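Visitor: I would like to go through some of the labels used for this model and hear what each one rests on.
Guide: Ask about them one by one.

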Amino acid sequence: MAHQLREVGLDFIETAPVRMVFEQEMSAPPESVYRALAEDVPGWEEWFAAVTLARSTGDGSTREIHLKGGGRFQETILAAKDPEVYAYRVDVANAPGARAIAEEWRLTPSGAGTRVRWTFGADGTRAFRIVAKLGRAGLGRAFRDAVKALDRRLAG
């Protein structure tokens with residue numbers, strides 16, 4: 001059952017009770033990576049294997065995301081600064097025990113490519129926080145696989 005999460009801002013990403021940061025290098029330049037993240041929302045289905053549906057809603061300031069396994073999220077974009085940062089919070093989720101979730105994709109030039117840093121911040125019931133922390137390895141693997149797939153897509 002979907003439920004409303006607490007409204008959080010960008011500062012939550014740095015202070016969340018559950019905070020995970022993953023980094024990966026890409027050969028694509030930051031401008032191309034940013035466009036894939038922020039402007040081609042349906043494209044997420046092609047490079048992020050866990051995503052089964054991604055679409056902009058409203059005037060483009062919100063998104064709907066569906067994940068393998070049944071996760072459903074309605075999100076609000078918190079920051080869209082080309083080509084440096086793309087961040088969003090989850091407003092509605094069907095994740096049991098979740099109270100607040102926000103994510104940030106920070107892009108920095110690295111040679112001719114990009115260093116991608118994805119920060120996942122969350123809060124919830126004690127059980128939710130434990131499960132989220134146990135999922136760290138899986139989230140890291142999903143992130144690395146997604147970045148590699150996006151890099152291949154942008155090179156193609």
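Visitor: What makes strand E6 mostly covered?
Guide: First, a caution: this is a predicted model. A residue counts as buried under 20% relative accessible area. In strand E6, residues 85-93, 9 of 9 residues are buried, and the strand is therefore called mostly covered.

Visitor: How do you know that E5 and E6 pair?
Guide: Pairing requires at least two bridges found by DSSP. Strand E5 (residues 72-81) and E6 have 8 bridges, so the two pair, and the sense is antiparallel. One position to look at is Lys-81, which stands opposite Val-85 in E6. A hairpin with 3 residues joins E5 to E6.

Visitor: Why does strand E1 count as paired with E6?
Guide: E1 covers residues 3-4 and is joined to E6 by 2 bridges, running antiparallel. The requirement is at least two, so E1 and E6 pair. Gln-4 has Val-92 in E6 as its bridge partner.

Visitor: What joins E6 to strand E7?
Guide: There are 6 bridges between E6 and E7 (residues 98-110), in the antiparallel sense. Val-90 has Ile-101 in E7 as its bridge partner. The hairpin of E6 and E7 has 4 residues between the strands, and Gly-97 in this hairpin takes a positive phi near 85°.

Visitor: Why is Glu-104 called buried?
Guide: Glu-104, found in strand E7, has 5% relative accessibility. The cut-off is under 20%, so Glu-104 counts as buried. Beyond four places in sequence, Glu-104 touches Ile-13, Val-85, Tyr-86, Ala-87, Arg-117, Trp-118 and Thr-119.

Visitor: What makes the approach of Glu-104 and Arg-106 a polar contact?
Guide: The side chains of Glu-104 and Arg-106 are joined at 3.0 Å. The limit for such a pair of N or O atoms is within 3.5 Å, so the distance qualifies.

Visitor: Why does Leu-37 count as buried?
Guide: Leu-37 has 0% relative accessibility, so it meets the cut-off of under 20%. Leu-37 lies in helix H2. Leaving aside neighbours within four places in sequence, Leu-37 is in contact with Trp-44, Trp-47, Arg-63, Tyr-86, Trp-105 and Leu-107.

Visitor: What makes helix H2 mostly covered?
Guide: In H2, residues 30-39, 7 of 10 residues are buried. Besides Leu-37, the buried residues of H2 include Pro-30, Val-33, Tyr-34 and Ala-38. In an α-helix with 3.6 residues a turn, residues three or four places apart point the same way.

Definitions and conventions:
Residues are numbered from 1 along each chain as its sequence is written. This is a predicted model: local features need pLDDT of at least 70, side-chain atom pairs count only at pLDDT 80 or more; totals for chains, interfaces and linings use all residues. Side-chain values use heavy atoms; hydrogens and water are left out. Buried means under 20% relative accessible area, exposed over 50%, partly exposed in between (1.4 Å probe, protein chains only). Contact means heavy atoms within 4.5 Å. A polar contact is a pair of N or O atoms within 3.5 Å; within protein, one must be able to donate a hydrogen and the other to accept it, and residues adjacent in sequence count only if both atoms are side-chain atoms.
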